[in-house]
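Visitor: Please take one part of this model and walk me through it up close. Set the scene with the chains first, and then zoom in as far as you like.

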Amino acid sequence: MDQSKIISRWRQAGTSSLMTTLLALGAVAGMLLLLDLDPFAISSALTSGSITTWVKFSYMLSVLVPLLLCSCGLLFTFRAGLWNIGIEGQVICGAICSTFILRLDSLPLPPATLFATALIFSCLGGALWGLLASLLKNHGGVNEIFGGLGLNFVAQGFILWLIFGPWKRAGIASMSGTDLLAKDFWLTNPAGWRVAPLALGLALLAFLLTCIILGATRFGLQLQSSGRNAQAARLFGIMPRFTTTIAMLLCGSLAGLTGGLQVTGVYHRLIPSISSGYGYLALLVVMLANYKTLPVPFISLIFACLAAGSIQLPMVLQVDSSLSGVIQGTLVLSALIVHGIQKRRKKE
Amino acid sequence: MESSIINIIAGIIAIASPLILAALGETITEKGGIINLSLDGTILLSAMTGFTVALQTDSLFTGFAAAALTGVVVAAVLAVIAIWLQQSQVAVGFALTFLCRDLAYFLGNPYAKQKGLQLTTLPLPYLDSIPVLGPIFFSHTIIVYGSMVAIPMAWYFLYHTNQGLTLRLVGENPNACWARGIKPRIVQTMYTLVGGALIGLAGAAFSLAIKPGWGRPQGCEGIGWIALALVIFGSWHPLRVAAGAYLFGFLQILGIYLQDFFPTIPSQVFQTAPFPLMIFTLILIHLGKDTTGKKRLRLLRLLSGNPPQALGKSYHPS
């Protein structure tokens, strides 16, 4: 391909994503006006609530970590042609497994070793839950969407049972979760930080590895061909079932790690809503990124700002904080509309 | 003892009514090959509109109408983006789920915890005095009667009318329909809207009858996913779907009773039961498929049923 062609293609991609962004922002502004809100006041409240001070900024980063980790995992499964809606359950399962290890304080291991083991087990737990959905799809004829949803509810039931049953707080079981972990197992934040540097580092590392694996390895290519056309992939000696299962395992381990980090870094205990819906939110992130790798960290950042900034909306503007979800949903829907119109144009 | 059993059965019929409306709406939508994944959000949003409109206009009828209209509007958004702009039905439905849920909480916030209107029971004259059957079937609110009537109606429509046949054809093979002069996308759009109206009514059935009022949480969260599961559990057949809904109602009530025996298990655990059941049914359906030509167990064949062939695929005329 000669240079001018490459440049024109980049320009095309640039204008198309610029158009999507502008139209999506327009749609959000329209939605806000429809709800009788001032878009400028809302956007300034959201920015001041998420990035103006270091404390707020670092809190926003603590929302970014689970979002980015889950989105990276979903990039693998989407590339493999799978709709891994079961990611919520995988987060929960990872959280349960890490708590299980950390509760074994009778083991004669140094806290740091136990902590590392807990994070590894959180990956394994998430991967196991992903594997279940994958097995159900490949050998049980259960579509991954419904299998995943089912497993989400099973995981939710399991975590509730643990919190109200075997792992209940000394005295009384409640929705507020298990007892706090021993301080040795808390992921430490430097003074004035609301996010653990280790968690942030892991999330960035995960994104880097995802970029490399999907963009520059043979496995990434195999994954893509399995997702696009499993039959053709088979002719080239690729085993689509195997590659898609690996994708599910990778996504499950990243989701599980998210769960483990939420337990050790954010809540310091197991709570019923440990996943906080970040898995579902990450699905929206990757959809808005049009299933591409590079926009994911930026969109995760925007979503994290929306989620973190919306907390102060009720205080500043007497507006309910669920507005951030309305904005996120509008963004994704309008992006879908733009993609649809572009597709139609291309055909004509 | 006898009267308490009657009460339990009547309770199951009442508690399952919104689920039946939503699951039948989804069955009709999916029979045409379209998955409306937005159920959970749509139910919540229409529960909110139903409640607030009834409160504002002081009329239950307009409340229900507004809820049905909300369901239609959400279904229309899905139809435009998924059917006509050919985006993934699952993606659109998923985004709509969350948009509708948060929109419901956002718009409904000022009305939270307000005392609003509520359907009263309307015992049918003469019929309600029949022993046993009367209290079980004939002393409910009007929406419960509606849910009971909707079951045979949906069945009759799908399997005994020409329009029902057309709808099923579109879901199985839209290309063949196109060749016979049926416009698949128009049929799909129409029944997605009809399904949406039923789903909207299910929302109002919650906020105006079963769990009256609006709040965060309202109490109907999660029901949409269960309705989606029931459609598969009932293998896209309205009568089996309805049976599944009653089974779930039974499990819900059973959960309340079992709570006394197993106080350590929170009631939410019992409510997750339909999902393992659904997965189990899907595996059975898979195993029951006659791939080798051998006859499988009769029970498996009884459970087996196939999804509409074109389910989830956007149709585009070439």
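Guide: Let's start with burial: 52% of the 348 residues in chain A count as buried, meaning under 20% relative accessible area, with exposed meaning over 50% and partly exposed in between (1.4 Å probe, protein chains only). Before going on, the ground rules: this is a predicted model, where local features need pLDDT of at least 70, side-chain atom pairs count only at pLDDT 80 or more, and totals for chains, interfaces and linings use all residues. Residues are numbered from 1 along each chain as its sequence is written, chains are lettered from A and ligands numbered from 1 in the order in which they are written, and side-chain values use heavy atoms, with hydrogens and water left out. As for the scores, ipTM is 0.88 and pTM is 0.89.

Back to chain A, which has 14 helices and 0 strands; helices (H or I, at least four residues) and strands (E, at least two) are DSSP runs, numbered from the N terminus. Its radius of gyration is 21 Å, close to the 20 Å that the globule rule gives for 348 residues, so chain A is as compact as a globular protein of that length. That radius is taken over C-alpha atoms, and the rule is 2.2 Å times the number of residues to the power 0.38. The C-alpha trace spans about 70 × 60 × 35 Å along its principal axes. Take the contacts in chain A with a separation of 6 or more: 76% of them come from residues 24 or more positions apart, a contact being heavy atoms within 4.5 Å.

One backbone oddity in chain A: A:Gln318 has phi near 55°, a positive value in a residue other than glycine. You'll find A:Gln318 in the loop between helix 13 (313-317) and helix 14 (323-347), and it is exposed, at 64% relative accessible area.

Chain B is where the close look goes. Chain B has 15 helices and 0 strands, and buried residues make up 53% of its 318. Its average pLDDT is 86, and 88% of the residues score at least 70; pLDDT is the predictor's confidence in each residue, from 0 to 100. Among chain B contacts between residues at least 6 apart in sequence, 75% join residues at least 24 apart.

Now zoom in on the stretch around helix 11 (223-233) of chain B. Ahead of helix 11, in the loop that follows helix 10 (184-210), sits B:Pro217, and the peptide bond into it from B:Arg216 is cis, with omega near 5°. Then comes the loop between helix 11 and helix 12, where B:Trp236 is placed. B:Trp236 has a positive phi of about 60° although it is not a glycine, and at 5% relative accessibility it counts as buried.

The spot to linger on is B:Gly244, in helix 12 (residues 238-261). With 2% relative accessibility, B:Gly244 is buried too. What does B:Gly244 contact, leaving aside its neighbours within four places in sequence? The partners are B:Leu230 and B:Phe233. For B:Leu230, 14 residues away along the chain, the C-alpha to C-alpha separation from B:Gly244 is 6.0 Å.
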